[in-house]
2 protein chains.
Amino acid sequence: MPTPTAFAGLAALMGDPARAAMLQALLSGEALTAGELARIAGIGAPTASAHLARLVEGGLVAVHPQGRHRYHRLASEEVAAAIEMLGGLTVSVGPPRRWPHGEEFRAARLCYDHLAGRLGVALHAALVGQGWIAPAAGGWSSTAVGEAGLGRLGVDLSAARTARRFACDCMDWSERRAHLAGGLGREIAACCLRQHWLARLPPAREGDALARRRLRLTPEGARRLDAALGVRLAA
Amino acid sequence: MPTPTAFAGLAALMGDPARAAMLQALLSGEALTAGELARIAGIGAPTASAHLARLVEGGLVAVHPQGRHRYHRLASEEVAAAIEMLGGLTVSVGPPRRWPHGEEFRAARLCYDHLAGRLGVALHAALVGQGWIAPAAGGWSSTAVGEAGLGRLGVDLSAARTARRFACDCMDWSERRAHLAGGLGREIAACCLRQHWLARLPPAREGDALARRRLRLTPEGARRLDAALGVRLAA
DNA sequence: CCCGTCCTTCGTCCGGCGGCGAAGTCAGGG
DNA sequence: CCCTGACTTCGCCGCCGGACGAAGGACGGG
C-alpha cells in the first residue's frame with residue numbers, strides 16, 4: 001500500500017465540500033472552466049483557483065488552457081471510477097436512510113462517459129439478455145448477432161475497440177447493479193446523444209452541480225431503443 | 001449522485017492521516033483494538049477514540065466489544081474495495097515517481113481477505129491459464145477440472161459459494177492487473193494460511209501499519225502451489 | 001472488594017486551511 | 001492602444017478540528 005500520508009492526502013483532496021462539488025460536476029465528462037466550477041461550488045474565483053491548483057497538483061484534474069479560458073476535466077478514467085465508487089459508498093454506508101436522491105438521477109444519468117441509472121442498468125441487461133455481448137476475460141466481448149444489431153443502431157464498433165477496455169461492468173451506485181462501461185458504453189452513449197435519442201443536458205443552474213448529469217429520454221429515443229432491444233427503457 | 005456534502009464527508013473521513021493509517025491497518029481484515037490502532041496511527045488513546053467514533057458513526061468501521069477490549073474492523077467488503085481503489089489511485093496519479101513501495105509488499109500481501117501482489121496476480125493467471133475458472137456474468141465460475149483441482153488443494157468450495165460473489169476480479173494496485181477476489185479468493189487464502197503454505201504474518205511493530213500485510217511464501221507452500229498450478233509463484 | 005487495564009468523556013489549546021478583497025497578469029476586441 | 005473579462009497571486013482573517021492531560025466509567029482478575 002502506498003504511504004498512509006499519500007493515501008490521506010488524496011482522500012483529503014476529495015474531502016473538501018467545494019472540491020467535492022467540483023469533482024462531481026466534472027464526473028459528467030465535460031470540461032468546465034474555472035469560473036463555471038467556482039459558481040457550481042458556490043465559492044469565489046480566488047478560492048476556486050486555489051482549489052483547482054491543488055486538484056491539478058494532486059493529479060486528479062487535468063487542465064488545458066484555450067485563449068483566456070482554462071478548461072478542467074478529470075485526469076483519467078481511473079479518477080472517475082474512484083469518485084463513482086466513493087459515491088456508491090455514501091449510499092451503502094452509514095445509517096440506513098430512505099433514498100434522499102432525486103428520482104431523476106436514479107432514472108438516467110451519465111457516469112463519466114457512459115449511461116448510468118436505471119437506463120444504464122436496463123441497457124446492460126438488455127445487451128446480455130439479447131445475447132449481443134458475452135462474458136469474456138475481464139469484461140464482455142461482442143457476439144456476431146450483437147455486432148449486427150449494434151451496427152444497425154449506428155454504434156461505431158471500431159471506435160469502441162480503440163478503448164483500453166472494450167466493455168466492462170461498472171457498479172451503479174443507485175441501482176446496486178452493473179451498468180456498461182468501457183469503449184462500447186462510451187460509443188453507445190455518444191451515438192444516442194448524437195442521434196438525439198436523449199434530451200440534451202439541461203443548462204447548469206448556478207450552484208447546482210447535479211443538474212449537469214440529469215438525462216431524460218425523448219419519446220423518439222425511447223421508442224427506438226425499445227424496438228431495438230425489446231425492453232421498456234422509458235419509465 | 002449523493003449530495004456533495006455526503007461525498008465530501010466520507011472522503012474527509014478517510015483524509016486524515018491518523019484515520020488513513022487506521023483504515024490501511026484494518027485493510028488486512030484483522031480486527032484490532034482501539035489501543036493497537038492508536039499505536040499504529042502514532043497518536044494518543046483519547047485522540048484515537050475520537051477518530052474511531054467518527055469512523056464508526058460514518059459507517060466505515062464496525063466495532064464489537066469483547067470484555068474490556070473493543071475490536072474494530074472494516075464495516076464491509078465495499079469499504080475495503082473503496083480503500084483499495086483509492087490506494088491504487090495514489091500510485092497512478094500525481095507526478096510519475098519510481099516505485100517507493102517496498103518490494104515485499106509488491107511480492108505478496110493480503111487485500112482485505114484474499115491474496116494480492118505478484119502472488120495474487122500469478123494465482124489469478126494460473127487459475128485462468130489452467131482452465132480452472134471460466135468467465136461468467138459478473139465474474140468467474142469454476143469449471144469441472146477446476147473443482148477437482150481445488151478440491152485436491154483442500155479449498156472449501158461450498159464455503160466459497162456462500163459469499164455474495166463467488167469469484168471476481170479485483171484490481172491490484174501494484175501490478176496493475178487483476179487478482180482474485182470473492183468467496184473463492186477468500187477460501188484459497190484461508191486454505192493456504194491454514195496449511196502454512198505461507199509464512200505467518202509477522203507481528204506488528206509499533207507504528208508500522210504496513211507490516212501487518214506482508215506475506216512470505218514458505219518453501220513448502222511455494223513447492224505445493226507450483227506443482228498444483230504449474231507455475232512458478234516463488235520469486 | 002479493590003486494583004489494574006482499557007477505553008471514553010471533558011476541557012483546553014493551537015495549527016492549518018478555507019474564505020474573501022484587492023491587486024496583478026494575460027488574452028482578445030473594438 | 002486601452003478596455004474588458006478570465007484567471008491568478010497576495011495578504012489577511014476566522015474557525016473548524018485534531019492534539020493532549022486529567023478525570024471518569026466498564027470490565028476482569030486476584
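The buried residues of α3(A) are covered by elements that include α2 (17-26), β1 (32-33), α4 (45-57) and β3 (69-74) of chain A, where contact means heavy atoms within 4.5 Å. The model is predicted; local features need pLDDT of at least 70, side-chain atom pairs count only at pLDDT 80 or more, and totals for chains, interfaces and linings use all residues. Residues are numbered from 1 along each chain as its sequence is written, chains are lettered from A and ligands numbered from 1 in the order in which they are written, and side-chain values use heavy atoms, with hydrogens and water left out.

Helix α3 of chain A spans residues 34-41, and its buried residues are A:Leu37, A:Ala38, A:Ile40 and A:Ala41. These residues fall within an arc of 165° seen down the axis of α3(A), so they line one face of the helix; the arc is that of the directions from the helix axis to the C-beta atoms. Buried means under 20% relative accessible area, exposed over 50%, and partly exposed in between (1.4 Å probe, protein chains only). Helices (H or I, at least four residues) and strands (E, at least two) are DSSP runs, numbered from the N terminus. After α3(A) comes A:Gly42, with a positive phi near 75°.

In chain A, an open sheet of 3 strands has the order β1-β3-β2, with antiparallel pairing. Its edge strands are β1 and β2 (61-66), each of which pairs on one side only. Pairing requires at least two bridges found by DSSP between two strands. β1(A) and β3(A) run antiparallel and are joined by 2 bridges; A:Leu32 has A:His72 in β3(A) as its bridge partner.

Helix α5 of chain A (residues 77-92) contains A:Thr90, which counts as buried at 3% relative accessibility. The side chain of A:Thr90 reaches the backbone oxygen of A:Gly87 at 2.6 Å.

Around DNA strand D there are 18 residues, of which A:Ser49, A:Arg70, B:Thr47, B:His51 and B:Arg54 come nearest. Sugar and phosphate make up 80% of the strand D atoms that come within 4 Å of the protein. An N or O atom in the side chain of B:Arg54 is 2.5 Å from a phosphate oxygen of strand D, and one in the side chain of B:Arg19 is 3.5 Å from a phosphate oxygen of this strand. A backbone N or O atom of A:Ala34 also lies 3.5 Å from a phosphate oxygen of strand D. The largest share of the surface near strand D, 4 residues, comes from α4(B), near being defined by a residue heavy atom within 4 Å.

Key. A polar contact is a pair of N or O atoms within 3.5 Å; within protein, one must be able to donate a hydrogen and the other to accept it, and residues adjacent in sequence count only if both atoms are side-chain atoms.
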